[in-house]
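Subject: Structure handover and notes

Dear colleague,

I am passing on the structure we spoke about, together with my notes on it. Please read the notes with the structure open beside them.

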Amino acid sequence: MSEAIAKRIAEYRRSFSFVGLVVATLFFAASVTPSLLPRHYAVQGLLSGFAIASGYAVGVLTVVLYLFLGLREPSGKTQRIAKQVTAVVVAAVFIAFIWRMTFWQNSIRQMMELELLETAYPYRVGLIAILFAAAVVAIGRLFIASCTYVARKLDRFFPQRISMAIGFTLVTLASLFIANDVVARSLLDAADSFFARTDALVSDAVEQPMDPMACGSRSSMVAWNSIGRQGKDFIANGPQRQDVADFLDRTVERPIRVYVGLRSRSTMKQRAVLALEELKRVGGFDRSLLVVATPTGTGWLDPSAVNTLEYLHGGDTAIVSMQYSYLPSWITIMVDPRRSIESADALFDEIYSYWKTLPKDSRPRLYLHGLSLGSLGSERSADLFKIFEDPIDGSVWSGPPFPSRNWNSAVRNRNADSSPWLPTFRDGRLLRFTAQKNAIDPDQPWGPMRNIYIQHASDPMVWFSPDLAWTSPEWLSEPRGPDVSPHLRWYPIVTFLQAAFDIPMATTVPLGYGHNYSPSSYIDAWIAVTTPSDWNDAMTERLKAQFDSVETPKP
């Protein structure tokens with residue numbers, strides 16, 4: 001029995017394509033080079049496993065195409081020499097890249113002020129990668145074997161090439177059905193159920209507001225138990241009135257926050273109407289400044305963004321938001337990015353429709369805000385044609401994700417002398433960009449509506465794109481962003497995989513890098529957009545110092 005098994009293993013090993021293994025090794029080597037974020041060895045192992053499987057598939061398909069075209073095959077001796085030379089060269093590349101692996105990871109960590117690694121654990125990475133790649137390749141081989149089996153059954157009815165095409169089509173459709181409607185749907189349902197239960201969990205430190213004028217109180221139109229974990233944190237953990245008063249050394253207003261959860265009403269329209277009615281009830285339209293904020297996928301609003309705004313305006317603010325998902329942004333953006341757009345559109349329509357009926361000299365200034373998937377939805381909600389007759393006052397968007405249509409258009413049509421990671425757009429009167437270091441010129445004149453994007457050059461949520469698989473991106477051209485490794489190089493397919501694996505890890509880096517936006521950046525942006533009264537540079541530095549000393553909670 002053992003001899004039979006050993007024989008089968010030997011046959012299986014010999015069945016591998018030499019060209020496929022060569023390309024797979026090169027893909028593995030490329031995968032350990034730096035990307036936008038530092039990686040744990042386990043994540044690196046999975047990424048490298050995908051790279052190996054992808055490289056092997058590319059190599060095999062290259063051979064198949066070569067044979068299909070009927071090109072002349074080299075002689076046996078030439079093939080042997082070519083294989084020996086290729087093996088030596090590829091082995092040298094493999095060893096060199098593995099040797100540089102720790103250095104490359106540290107080139108990112110150093111830029112992000114992280115502790116440097118003594119080792120990137122190449123042996124662990126290699127083991128995880130090989131095991132994972134073997135599983136992926138085995139699945140691929142099972143797919144090919146299934147196609148061949150079906151084609152042979154069809155040979156009695158059709159010519160060989162037609163039966164192969166039909167077999168491939170049938171197996172592909174069946175695989176897609178299983179992958180999308182069975183596996184993916186089951187995983188998505190499980191994730192949705194898990195995050196829905198997580199959304200219902202609330203820390204003991206988060207208590208229902210006692211103030212009857214607070215959203216979620218016993219007098220509120222929004223039931224406390226319907227709001228969800230992130231919404232409750234937003235309502236209960238904002239700056240206290242006395243905190244703002246102590247900072248400004250004067251009497252201030254109580255900041256108003258309204259949040260409607262997924263459980264608050266059954267439809268998006270009903271939730272938007274509820275948000276409007278609650279905002280009216282608590283006096284949100286009596287404040288000087290009103291922000292319609294679209295949260296991230298889980299319903300989270302970044303305290304760095306909302307807390308700073310309330311300090312800047314002495315609590316004379318109202319922020320209204322509405323949950324549209326339980327799932328993290330990186331999952332939602334892959335499966336259903338329309339959720340944020342439709343939710344933001346519904347909420348903005350209700351708020352804006354009422355706001356524009358109010359006297360212009362007494363209504364609050366109206367702004368938009370969104371981070372990540374919230375930015376995607378928010379930027380689409382206030383269509384210029386919708387607000388043309390009565391425009392809003394502006395917006396602050398951060399970490400705009402790669403499907404953002406308006407952001408993409410602005411970056412693509414930026415001024416020729418600017419970079420994609422910090423573009424300038426026309427004369428800057430309507431739209432400006434900033435990053436870790438404030439790039440907003442206070443002396444540059446604004447138009448009647450002020451809009452700012454905050455983005456990091458190291459944010460994979462911003463810079464990921466499907467065409468990374470076949471095109472070198474503009475953001476890798478010189479000069480690069482200050483938080484992008486100088487050793488990052490573009491490799492076909494591999495860079496796409498690297499960026500894709502970076503997305504779920506985008507918030508695991510320190511504030512000011514990746515998808516973590518710092519209070520300082522928001523303070524600069526809000527000051528430029530909303531121009532708080534009785535404010536000066538010394539107060540700005542004091543506010544930045546206060547927020548820099550407090551750890552900002554992550555979603």
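The notes below go from the whole chain to its core and strands, and then to individual residues.

Please keep in mind throughout that this is a predicted model. The chain has 19 helices and 7 strands, and of its 555 residues 49% are buried. Among the contacts between residues at least 6 apart in sequence, 75% join residues that are at least 24 apart.

The core

The largest nonpolar core has 104 residues, and those with the most contacts inside it are Val320, Ile351, Leu366 and Ile392. Helix H12, residues 338-355, gives the largest share of this core, with 7 residues. Apart from this core lies another one of 15 residues, which includes Ala29, Ile52, Tyr56 and Trp104. For Leu366, once its neighbours within four places in sequence are left aside, the contacts are with Leu290, Val292, Phe348, Ile351, Tyr352, Trp355, Ile392, Asp393 and Gly394.

Strand E3 and its partners

Val320 also belongs to strand E3, where it points to one side along with Ala318 and Met322, while Thr317, Ile319 and Ser321 point the other way. The strand covers residues 317-322, and 6 of its 6 residues are buried. Two strands pair with E3 in the parallel sense: E1, residues 256-260, does so over 5 bridges, and E2, residues 289-294, likewise over 5 bridges. Ile319 is a useful place to look at both pairings, since it is the bridge partner of Arg257 and also stands opposite Val291.

Ser378

Ser378 lies in helix H13, residues 373-381, and because its relative accessibility is 0%, under the 20% limit, Ser378 counts as buried. Its side chain makes a polar contact of 2.9 Å with the side chain of Trp397. Not counting residues up to four places away in sequence, Ser378 touches Thr294, Ala344, Leu368, His369, Gly370 and Trp397. The C-alpha atoms of Ser378 and Pro295 are separated by 9.1 Å, although the two residues are 83 apart along the chain.

The loop between H16 and H17

I would ask you to look with some care at the loop between helix H16 (460-463) and helix H17 (494-502), where Asp483 is placed. What is the nearest side chain of opposite charge to this buried residue, Asp483? It is that of Arg480, which is 11 Å away, and Asp483 has no salt bridge. The side chain of Asp483 does, however, make a polar contact with the side chain of Ser458, at 2.5 Å. Beyond residues up to four places away in sequence, Asp483 touches Met111, Met112, Gln436, His456, Ala457, Ser458 and Tyr513.

Arg480 is found in this loop between H16 and H17 as well, and Arg480 is buried because its relative accessible area of 14% is under 20%. The side chain of Arg480 reaches two backbone oxygens, that of Leu476 at 3.1 Å and that of Ser485 at 2.8 Å. With its neighbours within four places in sequence left aside, Arg480 is in contact with Trp421, Ser485, Pro486, His487, Leu488 and Arg489.

Pro479 is found in the loop between H16 and H17 too, and a cis peptide bond, with omega of about -5°, joins Glu478 and Pro479.

Backbone geometry

Most residues other than glycine have a negative phi, and most peptide bonds are trans. Against that background, two further residues deserve a note. Tyr121, which is not a glycine, has a positive phi of about 55° and is found in the loop between helix H4 (76-111) and helix H5 (122-154). Arg426 also has a positive phi, near 55°, and lies in the loop between helix H15 (405-412) and strand E6 (431-434).

Are these two residues buried or exposed? Tyr121 is partly exposed, because its relative accessible area of 35% falls between 20% and 50%, whereas Arg426 counts as exposed because its relative accessibility of 65% is over 50%.

With best wishes

Key:
Residues numbered from 1 in each chain as written. Predicted model: local features only at pLDDT ≥ 70, side-chain atom pairs only at ≥ 80, totals over all residues. Heavy atoms only, no water. Core = buried A, V, L, I, M, F, W, Y, C linked by side-chain atoms within 4.5 Å. Buried < 20%, exposed > 50% of the residue type's maximum accessible area, 1.4 Å probe, protein only. Helix = DSSP H or I, 4+ residues; strand = E, 2+ residues; numbered from the N terminus. Contact = heavy atoms within 4.5 Å. Lys, Arg positive; Asp, Glu negative; His and termini not counted. Salt bridge = Lys/Arg side-chain N within 4 Å of Asp/Glu carboxyl O. Polar contact = N/O pair within 3.5 Å; in protein donor to acceptor, adjacent residues only side chain to side chain. Pairing = 2+ DSSP bridges.
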